[in-house]
Every structure is written in C-alpha cells, then in structure tokens.
Amino acid sequence: MTAQHTRPPATGTRPGLKLRAVISGSVGNLLEQYDNLVYAYSTVYLSAHFFVGGSTSALLSTFAVFAVGFLARPLGTVFFGHIGDKLGRRPALIASVILMGAATVLIGLLPGYQTIGLAAPVLLVVLRLFQGFAVAGEWAGSAAMLVEYAGPRSRGRYGSLNQVSTAAGFLVAAAVVALNSLFWSEQGMLDFGWRVPFLIGAVTAIVALLLRFGLEDTPAYQAQAAAGTTSDSPLRLAFRTQKTAMARGFFFTVSWTVAYFFFLTYLPTHLHKQVGLDSSTVEASNIVGLVVLTVAIFGFGVLSDRIGRKPLLLIGSGGFVLLSFPVMWLFQTGSVAGAYCGQVLIALVLAAFSGPGPAALAELFPTNVRYSALGIGYNFSVMAFGGTAGFIATALIDVTGNALVVAALPTAAAVITFVTVCSMPETYRTELK
C-alpha cells in the first residue's frame, strides 16, 4: 500500500542545495561516528572504571559491552528505515543524531563501579544499546542521501564521502582520545580525564543538528513522494521484493565490517597489550593509517565512477584474503617501522573496498525501500561481525596463547565477501531504481 505525501517537487538542482546535502550527510555522519567510536578508543580506561577483576577479564568485559551496542542495530534499522522511507531521509537523520549525542554524554557522566557498584556496568550496557540503536539509522541514511543527490556518473564519488566521513570519525575519535591523554597524568585519566571525549559528544550533536535543520530531502525521495509511490510499510515491502539483494548486502558487508572493527578499533589495543609497543607509537601509527584511509577512500570512489565498482571491490576483499596473516606477522615483530607500514597497507586495501562500497550497496535497491533495505543488509552484518571482533580476538589469544591466530578473523570474512562480490551485477552508470 502506498500513501500520498504532500511535498514540493524535487529541487536537487537548485544552487547550493547539493553542496549543503553533501556537507550535512558527510559531516553529520563523521560526528555521529565519533560519538560511537570514542568508546572503542577508551577501553583501557573504561575497563578500570566500570569493571573489577584482572586486566584481561576487565578488558574482555569492556569489549563485550562494546559488542552489546551492536545488538540494538536491527531495531534501529527498522525504526529509522521506516521513518526514512515513509517520511523522508531528513527527519530520520535528525532523530538519530539527537539520540546518539544524548547517550554519549550520559556515558561521560556515568559513575563507576566503585561508586554505584553493579549498576555502573548495567547502565553502561543500556547506553551502549542506545548508541547502537542510533548509529544504525545514521549510516544507511547518510549513504542513501549522498548517493541520491549524485548523478549516474558521480555516485561513487558522492557515496565515498559516507566512508570518508566514517573513517574521519575513527580518526577524530582516536586523535581526541590521544590528545586528551597528553593533558592528564595516568591517574588523572583514570579519575576524570577519560570522560572528556564523551562529554564533547554534546558539541558534536549540536553541530550535526545545525547542519540538518532546514535541509530538503533528496530529489529521488521527493519525486517518489510527489508521485504517491512511497510505501506505508517499507520494511514489509523490502522483505517481499528485495530478499536476494538484502542477502547480498549482508555478505557484502562481512569483510568490510570485520576489517574496520578489527584493524581500526581492536588493533591499537593489540599492539599495546600483546606486542608491547608504547602507547604513543600505537596512537601515532593508528592516526597515520586513518589519515591515509580517509584520503584514499575518496580517490577510489572517484575511480569507481570510471572503471566500475566490482574491480575495486574484488581488489579490496581479495587483498585481505592474501595479506591479513602477513600484516599481523609484521605487527608481531614489534618494529616501529613495521607498525607504520602495516597500518598504511591496511588503509590502502580497506580504501579500495570502502571507496565504491556505499554506492555499490545503494545501487542494489529501489528508492522507495532503499533506507530500510540497505540498512537491513548492512546493520545485521555489522551486528553479527563488527562489535564482536575485539572480543573474539582477545578470547582467541587468551585460549591459544598465539597472538598471530587472530588474523584468521579478517581472512575468513574476506573470503565470504569476495565470493559475494563475484555474484553481484555491475551497477555503475546505471539509473537508480
């Protein structure tokens, strides 16, 4: 069943509208990713503040709570996807950023285990669930908005900005946590300093809201709304008509999400705890890798508009099949040069996939269910494989005593995605459905 929604005709060509949409979609996503990822870069301090026991068990508990946040992604996908496909991309993205900002600030204000006992980790879990719920609506909405504002010959470029801003969110979160630690002693960080990056979440939420208020919806959505072809039940319609495409989206995302959350959030802890590199080297090499990733993603997005999505997607997923074990071996040498070289190599392989990734996913689905269907495939995969990467890696090392064994995670994930990409149609330069 469809419903007529009274909206003005599409105005995507009005001067300045596309630029504002690009800024809103990409910068808003960056700020919300920052809020979500500050937790991952603060695990050492969070484990000491919210849990008791040995360092390994506390760290495992902290990674487990990070993973718990991903369990809320399916609900967030359903909620925000319904709003985004029925009422528009803009209201869904505004609601998402408000919820994320509130949850992040509350984590920064939360008393620890020594103050309120078991209530501290319980409340931390609740707030992580709210964060996971909120970010589920952000990624799909940002990707849909950017791709829908682009022309058929520039969707790779525009879509890549979703991943540029995601990588920049990792970069900003890592940089803020690293810079913040310079202003505090180790005890000062444990007492209060760790809270500062979370409290900055109030600022990021306000900036993202200012960018999105007054923004018009995408021309593609407005055209469907004006024609009365938006669905009252987009999720039901998606499951009825897009099951194969959503399954492809799920398996397409497996390597993508494991690579992000293994190499970009777990790896700094691994290099410090397992390899023994000092924290300044770890933080600096991670930031260098994130800078390379952020820049390279856009380049590969532009390239995908010229040569197609599939060649680059196969290079990215195949690269992790071939290189995960050698790169982890390089890290295990404990060499500072090896840390930097490994981080840059990971960044380039991940960028080859991330550049064309958002456009390739968005092009699988029609406009009237794109927000919901894209979110289902992507967020269910992130729930299953993203948040668990750090926990599984830590547990594997604890059980086997072999730090190199963790490379099996990104390798296995990349095999799944490589096979999936081989089965996908080439969609660049086609009209959006």
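How far do the 433 residues of this protein spread out, judged by the radius of gyration? A compact globule with 433 residues would have a radius of gyration near 22 Å, and the protein has 21 Å, so the two agree. Keep in mind as you look around that this is a predicted model. If you drew a box along the principal axes, the C-alpha atoms would fill roughly 60 × 45 × 40 Å.

Now let's see what the chain is built from. The secondary structure comes to 21 helices and zero strands. To see how the chain comes together, consider contacts between residues at least 6 apart in sequence: 87% of them join residues at least 24 apart.

Next, compare inside and outside. Buried residues make up 59% of the 433 residues. On the outside, the protein exposes about 15,500 Å², and carbon and sulfur atoms supply 71% of that area. The protein also carries 25 positive and 17 negative charges, and the mean positions of these two groups are 10 Å apart.

Finally, let's zoom in on one residue. Find helix H15, which covers residues 279-307, and look for Asn-286 within it. Is Asn-286 buried or exposed? Its relative accessible area is 3%, and a residue counts as buried when this value is under 20%, so Asn-286 is buried. Which residues does Asn-286 touch, leaving aside its neighbours within four places in sequence? Asn-286 is in contact with Tyr-41, Ala-174, Leu-264, Pro-268 and Gln-343. Try picking out these partners in the structure above, starting with Tyr-41 and ending with Gln-343.

Terms used:
Residues are numbered from 1 along each chain as its sequence is written. This is a predicted model: local features need pLDDT of at least 70, side-chain atom pairs count only at pLDDT 80 or more; totals for chains, interfaces and linings use all residues. Side-chain values use heavy atoms; hydrogens and water are left out. Helices (H or I, at least four residues) and strands (E, at least two) are DSSP runs, numbered from the N terminus. The radius of gyration is taken over C-alpha atoms; the globule rule is 2.2 Å times the number of residues to the power 0.38. Buried means under 20% relative accessible area, exposed over 50%, partly exposed in between (1.4 Å probe, protein chains only). Contact means heavy atoms within 4.5 Å. Accessible areas come from the Shrake-Rupley method with a 1.4 Å probe; for residues, only the protein chains shown count as cover. Lys and Arg count as positive and Asp and Glu as negative; His and the chain ends are not counted. The place of a charge is taken as NZ of Lys, CZ of Arg, CG of Asp or CD of Glu.
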